[in-house]
Amino acid sequence: MSDEPLYSALGFTDSEWGLLVGLPQSVLTAASAATPDSARKTRAETAAGLDVISDARVSASPLVAAVAGAIVSRVGDPDLGEEPPVIEPSDPIAYAQDVLGRATEANALLTVKAEQADAETYKHWLVEIAESVVGAASTGGVLGLGGETVTETERAFRDDLAKALSD
C-alpha cells in the first residue's frame, strides 16, 4: 500500500482535486439559489442534491466514486441522517457565474487529465445533481398546490451548466 493520496493516483494535483471535489456541492448550492424559496423548500432541494452526491459513491467511474466519497466524508452522510448546513449565497447570480466558471475549468481539466469515460460520467453527474435540485420543490402556488416545478432561472442555470461542461 502506498502513501500516495488517491487524487494523485488518479493523476490530479491537490488544487485540481480541490476543484473536482468542491464543484458538486457548489452546483447543488447554485441550483438551489437560482430561485429564492422557503427554508423548507431549500432544505428539500439540498437533500435531493446530497442524495445524488451520496449515491455516486458506488459509481462505476473510479473518479466519480472517489469524489463522492471525499464529499460525503467532509460534509456528512445523508444515509446516516447527517445534515450539513444549508448554504445560501448572498449574491446568487454572482455565485452561479462563479460555479459556471469553475465548471468550464473542470471541463478543460478533465479533457486533459481524465479517462474519457470518467470525464463524461463526472460531467453528467454534475448536471444530474442540478436536475435533482431544481426538480425537488415547486416554487409559487398556494399551500403547496400549483406553482412551477422548475422555474426559468433554475432551468437557465441547469442549461448553462450543461453548456459549460460540453466539449
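Hi everyone, this is a short tour of two helices and one cavity. Keep in mind that we're looking at a predicted model.

Let's start with helix 3, residues 39-55. At 1.5 Å a residue, its 17 residues should span 24 Å, and the end C-alpha atoms are indeed 24 Å apart, so the length agrees. Plenty of names to call out on the buried side here: Lys41, Thr42, Glu45, Thr46, Ala48, Gly49, Leu50, Val52, Ile53 and Ser54. And what covers them? Among the elements doing that are helix 2 (14-33), helix 4 (62-75), helix 6 (116-134) and helix 7 (152-164).

That brings us to helix 7. With 13 residues, helix 7 reaches 18 Å from first C-alpha to last, close to the expected 18 Å. Its buried residues are Glu154, Phe157, Arg158, Leu161 and Ala164. Looking down the axis, you'd find those buried residues within an arc of 125 degrees, so they line one face of the helix. They pack against helix 2, helix 3, helix 5 (92-113) and helix 6. Turn to the face pointing away from the buried side, and you meet the exposed Glu152 and Lys163.

Now, the empty space. How many cavities of 30 Å³ or more does the structure hold? Just one, and about 70 Å³ of space lies in it. Its lining includes Thr42, Thr46 and Leu50, along with Gln25, Pro84 and Ile87. Helix 2 and helix 3 are the elements that each give two or more residues to that lining, and helix 2 has the largest share, with four residues. By class, we get six nonpolar residues, five polar and no charged ones.

Notes:
Residues are numbered from 1 along each chain as its sequence is written. This is a predicted model: local features need pLDDT of at least 70, side-chain atom pairs count only at pLDDT 80 or more; totals for chains, interfaces and linings use all residues. Side-chain values use heavy atoms; hydrogens and water are left out. The expected span of a helix is 1.5 Å times one less than its number of residues. Buried means under 20% relative accessible area, exposed over 50%, partly exposed in between (1.4 Å probe, protein chains only). Contact means heavy atoms within 4.5 Å. The arc is that of the directions from the helix axis to the C-beta atoms. On a 1 Å grid over the protein atoms alone, a cavity is a set of points where a 1.4 Å probe fits but cannot get out, and a pocket is an open set with protein on both sides within 12 Å along at least five of seven lines; lining residues have an atom within 4 Å of a point. Grid points are joined across faces, edges and corners, and a volume is the space filled by probe spheres set on the points. Ala, Val, Leu, Ile, Met, Phe, Trp, Tyr, Cys and Pro count as nonpolar, Asp, Glu, Lys and Arg as charged, and the others, Gly among them, as polar.
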